[in-house]
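Me: I am new to this structure and would like to go through it slowly, with each term explained when it comes up. Please show it to me before we begin.

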Amino acid sequence: MPADQTPPDSTPVALRINGQSVVLRSPRDSALLYALRDELSLTGTHYGCGANQCGACHVLLDGKAVASCDTPLWAVAGKSIVTIEGLGSAGQPHPLQQAFLEEQAGQCGYCLSGILISAAALLEVNPDPDEAQIRAALQGNLCRCGAHNRMLRAVRLAAQRMREAGQQVAPQGGAA
Ligand code: FES
Ligand code: FES
């Protein structure tokens with residue numbers, strides 16, 4: 001490193017991720033996306049554009065969907081993050097994940113973690129969204145495979161089931 005360059009600030013960042021207390025040691029200016037994937041091996045959050053344009057990297061930050069590629073570590077100190085791994089699992093899928101599976105709402109699946117996170121953020125504030133509201137909530141998420149109508153159906157189905165069950169979105173440590 002040239003003598004006139006300041007080394008990156010690597011002061012650890014403490015926060016909660018998927019209900020667990022975590023300390024991240026990547027440079028504080030680096031994107032949350034890389035720390036999730038490289039430090040914690042939470043690889044369900046995907047890199048698409050790296051420029052807050054595609055939604056593939058969305059995570060919940062205190063219950064709101066944000067682009068983790070465009071969120072520096074220093075900005076999440078003390079916050080609560082939920083990634084797709086925290087939303088549900090193969091054994092215990094979130095109602096959104098279950099509905100997407102049943103509706104076959106996807107093809108390659110690359111966009112789906114970001115889309116599910118955006119849908120979860122929507123249902124947290126609006127448990128009975130109409131189609132226009134779902135479209136608006138997913139506007140920042142690109143899907144090149146063309147499964148959009150199935151996704152709309154899946155979000156409606158999950159919302160209906162969650163209302164009937166009186167279930168909150170409440171992903172681990174996140175939006176509840
Ligand atoms: S990778 Fe973050 S918005 Fe595209
Ligand atoms: S399912 Fe392939 S990009 Fe969305």
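Me: How many residues does helix 4 have, and what does it reach from its first C-alpha to its last?
Reply: Helices (H or I, at least four residues) and strands (E, at least two) are DSSP runs numbered from the N terminus, and the expected span of a helix is 1.5 Å times one less than its number of residues. For helix 4 the expected value is 20 Å, and the span in the model is close to that. Helix 4 has 14 residues and reaches 20 Å.

Me: What kind of model is this, and how are its residues and chains labelled?
Reply: This is a predicted model, in which local features need pLDDT of at least 70 and side-chain atom pairs count only at pLDDT 80 or more, while totals for chains, interfaces and linings use all residues. Residues are numbered from 1 along each chain as its sequence is written, and chains are lettered from A and ligands numbered from 1 in the order in which they are written.

Me: Is Ser-118 buried or exposed?
Reply: A residue counts as buried if 20 or more other C-beta atoms, placed from the backbone, lie within 10 Å of its own, as exposed if 12 or fewer do, and as partly exposed in between. Ser-118 is found in helix 4, which spans residues 112-125. Because 22 other C-beta atoms lie within 10 Å of Ser-118, this residue is buried.

Me: Which residues does Ser-118 touch, not counting those up to four places away in sequence?
Reply: Two residues are in contact if their C-beta atoms, placed from the backbone, lie within 7 Å. With residues up to four places away in sequence left out, Ser-118 touches Gly-55, His-58, Ala-65, Ala-137, Leu-138, Gly-140 and Asn-141.

Me: How many residues of helix 4 are buried?
Reply: Helix 4 is mostly covered, and what covers its buried residues includes strand 3, strand 4, helix 2 (84-87), helix 3 (95-102), helix 5 (131-137) and helix 6 (148-165). Among the buried residues are Leu-112, Ile-115 and Leu-123. The number of buried residues is 12 of 14.

Me: In what order do the five strands form their sheet?
Reply: Two strands pair if DSSP finds at least two bridges between them, and in this open sheet the pairing is mixed. The edge strands, each pairing on one side only, are strand 2 (20-24) and strand 4 (64-67). Strand 1 (residues 13-17) pairs in the parallel sense with strand 5 (residues 80-82) over two bridges, whereas five bridges join strand 1 to strand 2 and these run antiparallel. The order of the strands is 2-1-5-3-4.

Me: Which side chains of strand 1 are buried?
Reply: The side chains alternate along strand 1, and Ala-14 and Arg-16 point to one face and are not buried. In strand 2 the bridge partner of Ala-14 is Val-23, while Arg-16 stands opposite Ser-80 in strand 5. Those that point to the other face and are buried are Val-13, Leu-15 and Ile-17.

Me: What separates the centres of domain 1 and domain 2?
Reply: The domain bounds, which come from an automatic or database domain assignment, divide the protein into domain 1 (13-86) and domain 2 (88-165). The contact takes 14 residues from domain 1 and 14 residues from domain 2, and the largest share of the side of domain 1 that touches domain 2, three residues, comes from strand 3. Taken over C-alpha atoms, the separation of the two centres is 20 Å.
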